[in-house]
Each structure stands twice: as C-alpha cells, then as structure tokens.
Amino acid sequence: MNMKLKLTLNTLLAAGALALAASASAGALDQFKSFVAGTKAARGDFTQIQVRSKPGAKAPPPSTGTFVFARPGKFIWTYQKPYEQVLQADGDTLYVYDKDLNQVTTRKLGNALGSSPAAILFGSNDLENNFTLAEAGSRDGLEWLTATPKAKDTSFESIGIGLKDGVPQAMELKDSFGQTSVLKFTSFQRNPPLGAQQFRFEVPKGAEVVSQ
C-alpha cells in the first residue's frame with residue numbers, strides 16, 4: 001500500500017471512533033453503550049488536524065469534510081479540503097478514490113476494519129471483544145472515554161472520545177509512531193433517512209482501478 005493511501009486509510013480508521021454518545025447526564029462509558037444500542041446511522045461534518053510530534057515541526061494543513069454511515073460496514077468519508085478524496089464502503093468492499101490521481105483503490109472491508117477504530121463507528125455492536133473501554137474523566141467541557149485495541153498488530157495505541165449533550169464533539173487518536181490526530185465534529189445527526197442506494201460506489205469515468 002502506498003504511503004498516501006496508508007495515511008488516508010489510517011485517518012479513516014481513526015475517524016471511526018468519533019461518533020460515541022447518548023445521554024448527557026451519564027458518564028462517557030454509559031453514553032457510548034447507549035449510543036451504540038440506539039444509533040444505526042449518522043451523518044455530520046468534521047475537521048481534522050495533526051498535532052506536531054516534535055517542537056518546531058511543521059504540521060500539515062487542517063482537513064475538512066463530511067461523513068455518513070450505516071452500521072455495520074457502510075460509510076462515506078469525504079475529504080473536501082485541502083485535497084479531495086473519498087473513502088466509501090458498501091458493507092463488503094472499501095473504495096478509496098483519489099481525485100488528483102483519478103485512481104480508485106479497492107480492498108475487502110473485513111481486512112480494512114478488523115480491530116481498528118473504524119469498527120467502533122462502522123462495525124457491529126460487539127465492540128468490547130476488540131477494545132478495552134474505560135472512563136477518562138472530564139476535560140475541556142467534555143466527558144472522555146478511552147478505547148484501547150486488544151489486538152497487538154494495530155497501528156493505534158489508543159483512541160480518546162470526547163462527548164457532550166449526547167453527541168460526539170472530539171476525538172484524539174494516538175498512533176504507534178507517537179503522533180496524535182485530533183478530529184472535531186459538528187452538525188451530527190443520528191439515524192437520518194438514507195436512500196437504499198446511498199452507499200453504492202460508482203467508479204468515476206476514466207479512473208484507474210487498483211485492487212489490494
């Protein structure tokens with residue numbers, strides 16, 4: 001897998017941990033469990049930044065876009081700025097479309113999710129089989145939950161999810177290279193009406209298709 005695709009896919013997998021919430025009066029863990037039980041689909045907007053890992057290092061520009069998902073395994077994660085890119089899954093296959101390259105990369109969804117953070121948002125309800133969940137206290141006006149992958153071969157060390165008023169507000173992803181990505185969410189909608197063909201991917205005209 002090329003580095004650009006790997007970085008984009010890792011971002012998606014990180015972003016999968018974002019939408020975890022339910023009752024504002026409950027702790028983060030209770031909110032999370034209630035959200036998983038009651039939310040089959042969602043949509044919203046996101047902003048993503050990467051925290052500088054070394055003093056003086058230049059951080060990449062923020063990314064912005066939209067997401068929509070229907071569990072299990074259906075989602076569209078769209079980067080709009082600074083580069084246009086779409087990550088889409090129909091329940092069986094993951095498609096990654098890079099507009100600048102006019103290239104679509106495909107892979108089996110099961111291999112892409114596994115014990116990744118994406119499984120929290122896009123996968124099934126059996127989350128505690130793959131993650132250790134724990135309360136992480138209050139910070140910046142949010143209730144925080146930490147999800148630690150049980151698998152040893154994941155590229156993520158931990159995922160922090162910040163919740164408020166029953167919706168996800170922020171996520172902090174720490175990877176095995178010591179880098180931290182921060183995502184913030186707005187316009188979050190639970191269980192919106194979605195069309196039957198919402199997640200069907202159509203290859204753009206003239207695009208190269210690469211299978212992995």
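Which side chain does the side chain of Gln-48 meet in a polar contact of 3.1 Å? I took this as my opening entry, keeping in mind that I am working on a predicted model. The partner I found is Tyr-79, whose side chain is joined to that of Gln-48 by the contact. I then looked up where Gln-48 belongs and placed it in strand S1. Its relative accessible area came out at 11%, and because buried means under 20%, I entered Gln-48 as buried.

**Strand pairing**

I next followed S1, residues 41-51, to strand S11, residues 180-190, and noted that they pair in the antiparallel sense over 9 bridges. To fix the register for myself, I looked up Asp-45 and found Thr-186 as its bridge partner in S11. S11 is also joined by 5 bridges to strand S10, residues 167-175, and these two strands likewise run antiparallel; here I noted that Glu-172 stands opposite Val-182 of S11. The hairpin of S10 and S11 has 4 residues between the strands, and in it I recorded a positive phi near 85 degrees for Gly-178.

**Aromatic rings**

For the rings I kept two quantities, since a pair of aromatic rings is described by the distance of the centres and the angle of the planes. My count of aromatic pairs comes to 6. In the pair of Phe-46 and Trp-77 the centres are 4.3 Å apart and the planes stand at 15 degrees, so I entered this pair as stacked. Phe-46 lies in strand S1 and Trp-77 in strand S3, residues 74-81, so the pair ties together parts that are 31 residues apart in sequence. I also checked burial, and both Phe-46 and Trp-77 are buried.

The pair of Phe-67 and Phe-185 is edge-to-face, with 5.8 Å from centre to centre and 85 degrees between the planes. Phe-67 sits in strand S2, residues 63-70, and Phe-185 in strand S11, so that I could note a link between distant parts of the chain, 118 residues apart. Phe-67 and Phe-185 are both buried. I then found that Phe-46, Phe-67, Trp-77, Tyr-79, Phe-185 and Phe-188 form one aromatic cluster, which brings back Tyr-79, the contact partner of Gln-48.

**Two further entries**

In helix H2, residues 28-38, I listed Ala-28, Leu-29, Gln-31, Phe-32, Phe-35 and Val-36 as buried. Looking down the axis of H2, I noted that these buried residues fall within an arc of 160 degrees, and they therefore line one face of the helix. Lastly I looked up Arg-139, whose charged end sits over the ring of Trp-144 at 4.3 Å from the ring centre.

Notes: Residues are numbered from 1 along each chain as its sequence is written. This is a predicted model: local features need pLDDT of at least 70, side-chain atom pairs count only at pLDDT 80 or more; totals for chains, interfaces and linings use all residues. Side-chain values use heavy atoms; hydrogens and water are left out. Two strands pair if DSSP finds at least two bridges between them. Buried means under 20% relative accessible area, exposed over 50%, partly exposed in between (1.4 Å probe, protein chains only). The arc is that of the directions from the helix axis to the C-beta atoms. A polar contact is a pair of N or O atoms within 3.5 Å; within protein, one must be able to donate a hydrogen and the other to accept it, and residues adjacent in sequence count only if both atoms are side-chain atoms. Rings of Phe, Tyr and Trp (its six-membered ring) pair if their centres lie within 6.5 Å; planes under 30 degrees apart count as stacked, over 60 as edge-to-face and the rest as tilted. A charge sits over a ring if NZ of Lys or CZ of Arg is within 6 Å of the ring centre and within 35 degrees of the ring normal.
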